[in-house]
Amino acid sequence: MNLGTQQIVIGFRSFPASVVLLAFLSILFAGTISSQASFQNRGARVKKADNHETSSYAESHALIIGVSKYTLGWSELPDVVNDVKEVRKILLTHGFSVETLLDPTNRDLVDKIKAFISDFGQNYNSRLLIYFSGHGHTLQTSDNTQRELGYIIQSDTPLARPDDPGPFKKYAISMEELISYSAQIESKHVLFIFDSCFSGSVFNVRSGKSHESIPEAIIDKLSEPVRQFITAGNEKQKVPATSKFRRVFVNALKGDADTNRDGYITGTELGEYLHEQVSTNTNRQQTPQHGKILDPTFNRGDFVFEVPGKKPEPTARDAERNYWRTIERSTDPRPFREYIERFGPNGIYHNEAQAKIKYFEALELENAYWRRVENSSNPQDFRDYITRFGEKAIHHTAALKRMNELEAAAAEQAHWRRIETSDNPQDFRDYVARYKERGIYYNNALAAINRLEALESERAYWRSIENSKKPEDFRGYIRKYDTQGIYYSIASSRVKELEAEQSHWQRIEASIDPQDFFDYIDKYGASGIYNDIAIARIRELEAAATERHIWRSIENSKNPQEFRDYISKYPNGKFVGDAREKLRALETASRPPSPLPSTPNRRERPPEATGNPTVSGSTNRSRNEAGLSSSSRIPANTLPLPSVSPTTVILDERGKIVRQPAVQAKGFVEDLGGVRLEMVEITGGTFMMGSPVNEAQRNDDETPLHQVNISGFFMGRYEITQAQWRAVARLPKEKIDLNPNPSKFRGDTLPVEQVSWEEAVEFCERLSKATGRKYRLPSEAEWEYACRAGTTTPFHFGETLKVEYVNYDGGFPYKSAPKGDYRQKTIPVGSLRAPNLFGLFDMHGNVSEWCADSWLGNYNGAPEDGSAWDVEAARTHRVVRGGNWFKQARDARSAARDRYPMTHRSTSIGFRVVVAL
């Protein structure tokens, strides 16, 4: 029987570097084996009363390992060589084939033990002995049990350092490892001897005389299993460097331990002899311990050595044993009743005979029960059978198999019910991978996969064109999928819309009236096919109108300086030729004979147009460069916002750039005492908050998708930096103290991290008091609106991310984007030069950002006006938004949410601020 599931616990004490014989542990395993020995060896044989030999050990093999020379600080042990010689000599006399291994490294020892087990440890009727002599050591385990664990030391094992035990553990071999090797041995009897400098106990031990009666016949000890052990002393005793235990042990195997003179030495006899002799020789400084495992399955036998040259005498009870062997395998209770009648209650096998009778009487009851349930389709019937009759039941294996089959079928049916209406082909791929062709719904799953993959292919096709501005792309979709296409109606509408837009453009593209292009932008917005061209035409026409306006205001002037100013401003202007002629005429007229200067034209010059002049056929409206209405209210006493990164990128799902639209950001700069805080204007509007159901790798907390109306505000162009944090941390305290340098990754332009939600709020309150403007954390709705910047894709960059534009774990990309670097830290804000269309940097990645809202698990009941959702019962946890350097691309999506306790600090969490318009 294999001991793979038997828990073995050994405790140890560590002593100075001296040689100690620790444990003498014999373990029996059942199994099958074939010996690979290349030489003959003999085993013990026991003769019955009729002088016929009965089988005991077919082969006997020993491996003796000694380490006397150490290279990394352990003291040398010269007496180990003598130990190896003496043990080898006595084992040879007992019929063992002996292999020796001197001064092995860790690798040498492991390889040798494995080879020894492989070569000799697979024969049930063999006996194996493994002997180790050398240094040992004890360490306390770091788990919850705080056990003491012993190790044997090889020649290349470093000293054990209390502050760094790692190198020691790498090379030393623990008792748990050796026990795991023993579990691989299938031989009937196995004996481990450890002659090493650690001490302890194995199971429950006793000293002195055994409390169990020793069986009278050695054959019983050979045929019954046992788990037996002997130790050199108890765990509180030290033993000398020169092993007295080994000398007594050798003398014992020469025959001194055969206390009943039957020609054999049992493990019990050996333990009692060693206890008596070693205790006497050492004045009880060593008191060897011995005993058996308490499990009755493994304590009936005994390890047996045959005394060389001595023949056993038959005993009076051999006839009873012989009779028992003729009936012990019977399946009929009658022979066992006859045994009890013949040998009475004092028979050697009386208890076994009674147990056999009870077993066979119960057998028919069990068989009758089995006949009632064997064809059942209810797994509970088989579970009840196993519960009632246990693991030793006749039909246990069949019942377990049938129960598992029925439960597996029920689990498979439940699995199918969960996915049968799914629109995700991966659910059905997982079903096929799990149940394969034997699955009940295998064919249904394949059909679902084909259907959904076709739909996914169509969706992918649609995603590739849905933002297209070419009507032929949508005509191609209609040709491919016809009226059955999922997006047929949308595609048809897009064809009509784009054709109408193209027709509109054809009507106005040659116009010289900028109002026509204003009207185009108002109608089709920033996503219009010709939006960029329309903006350029407006600028061109307005510039021409401005020039014409200026010329008409000066063309009749008598002041030459006005013509000089015109020529300087418009060196290639439409009227520059006329201006030069006017200037020459005026300069000629102003020359002498008159000594007095001519009277200048005192008519007031109109100011140069700085906005949109009134032009024939157009209305005078204020517009920004994107052609959108301006509602900017820049705070007084602030610096202008510098222009950076005039363009951004839009990516397809493979990470390829499909557009590079212009970024038009305006706002102001707050001076924090030499440190600049740049604030970008976010114009108000309406958007759909959350993720659509078809967005890949979305989470349930991003639902339901709902409309939110956002009022305009200003938001930090970048995440708050460490320099900005220090500047504000120096301001007077409002509610709590602020650590001026809380971050792990240090740098003035790196985002501040390891700040809690409460500390971020304190930052805003100090900044508000210092500037007179109400700074705060953004609401979750404001953050997502600002992040999206008018987009509806998973990221404001489009369908995916790339590490060239975002600081995240590039080993986990989104959709079909390639893998990239994992920087494993924060980077300077804005250093990747990739803003969104509002001009905000690092909205995806670098650090996640605290929001004002409490955390709730979905948007049911969320505000629709963009305000923070502050629920008293949920205030302990606050929302964070945006990905970070540590997370995957999926966590950086515009709709992705997360939450942490408001006192939480992390190297991946920072924040940015907002202020109302």
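In the predicted model, helix α16 (residues 488-508) packs with helix α17 at an angle of about 170 degrees, the two axes lying 10 Å apart. An angle over 145 degrees counts as roughly antiparallel, and α16 and α17 are therefore roughly antiparallel to each other. On the side of α16 the contact is made by Ala-500, Glu-501, His-504, Trp-505 and Ile-508, and on the side of α17 by Asp-516, Phe-517, Tyr-520, Lys-523 and Tyr-524. By residue class, the contact of α16 with α17 divides into 6 nonpolar, 1 polar and 3 charged residues.

Two of the residues that α17 brings to this contact, Tyr-520 and Tyr-524, also recur in the analysis of aromatic rings, in which the structure holds 48 aromatic pairs. The rings of Tyr-520 and Tyr-524 form a tilted pair, with a centre-to-centre distance of 4.9 Å and an angle of 45 degrees between the planes. Both tyrosines belong to helix α17 (residues 514-524), where a spacing of 4 residues corresponds to about one turn of the helix. Tyr-520 and Tyr-524 are both buried.

A further aromatic pair is formed by Tyr-718 and Phe-841, whose ring centres are 5.1 Å apart and whose planes stand at 35 degrees, so that this pair too is tilted. Whereas the two tyrosines of α17 are 4 residues apart, Tyr-718 and Phe-841 are separated by 123 residues and link distant parts of the chain. Tyr-718 is placed in the loop between β24 (713-716) and α21 (722-729), and Phe-841 in the loop between α23 and β26. Tyr-718 has a relative accessible area of 17% and is buried; Phe-841, with a relative accessible area of 1%, is buried as well.

A second helix pair is formed by α9 (residues 334-343) and α10 (residues 350-373), whose axes come within 9 Å and cross at roughly 150 degrees. With the limit for this class set at over 145 degrees, α9 and α10 are therefore roughly antiparallel to each other, and their crossing is left-handed. Helix α9 contributes Phe-336, Arg-337, Tyr-339 and Ile-340 to the contact, while α10 contributes His-350, Ala-353, Gln-354, Lys-356, Ile-357, Phe-360 and Glu-361. These residues of the contact of α9 with α10 comprise 6 nonpolar, 2 polar and 3 charged ones. Aromatic residues of this contact, among them Phe-336, Tyr-339 and Phe-360, are also members of a cluster in which ring pairs link Tyr-323, Trp-324, Phe-336, Tyr-339, Phe-343, Tyr-349, Tyr-359 and Phe-360.

Backbone geometry was examined next. Most residues other than glycine have a negative phi, and most peptide bonds are trans. Asp-103, a residue other than glycine, has a positive phi near 50 degrees; this aspartate is found in the loop between β6 (97-102) and α2 (106-120). With a relative accessible area of 25%, Asp-103 is partly exposed. Ala-789 likewise is not a glycine and has a positive phi, of about 50 degrees, and its position is in the loop between α23 (780-788) and β26 (848-854), the loop that also holds Phe-841. At 8% relative accessibility, Ala-789 counts as buried. The peptide bond that joins Thr-703 and Pro-704 is cis, with an omega of about -5 degrees, and Pro-704 is placed in the loop between β22 (685-689) and β23 (706-710).

Helix α2, which follows the loop that holds Asp-103, includes Ser-118. This serine is partly exposed, with a relative accessible area of 40%. Although Ser-118 and Ile-185 are 67 residues apart in sequence, their C-alpha atoms are 8.3 Å apart in space.

Over the protein as a whole, there are 23 helices and 30 strands. Of its 917 residues, 49% count as buried. Among the contacts in the protein with a separation of 6 or more, 71% are accounted for by residues 24 or more positions apart.

Technical notes: Residues are numbered from 1 along each chain as its sequence is written. This is a predicted model: local features need pLDDT of at least 70, side-chain atom pairs count only at pLDDT 80 or more; totals for chains, interfaces and linings use all residues. Side-chain values use heavy atoms; hydrogens and water are left out. Buried means under 20% relative accessible area, exposed over 50%, partly exposed in between (1.4 Å probe, protein chains only). Axes are lines fitted to C-alpha atoms, for helices over the stretch in contact, and angles run from 0 to 180 degrees between N-to-C directions. Angles under 35 degrees count as roughly parallel, over 145 as roughly antiparallel, 65 to 115 as roughly perpendicular and the rest as oblique. A crossing is left-handed if the near helix is turned anticlockwise from the far one by less than a right angle, and right-handed if clockwise. Contact means heavy atoms within 4.5 Å. Ala, Val, Leu, Ile, Met, Phe, Trp, Tyr, Cys and Pro count as nonpolar, Asp, Glu, Lys and Arg as charged, and the others, Gly among them, as polar. Rings of Phe, Tyr and Trp (its six-membered ring) pair if their centres lie within 6.5 Å; planes under 30 degrees apart count as stacked, over 60 as edge-to-face and the rest as tilted.
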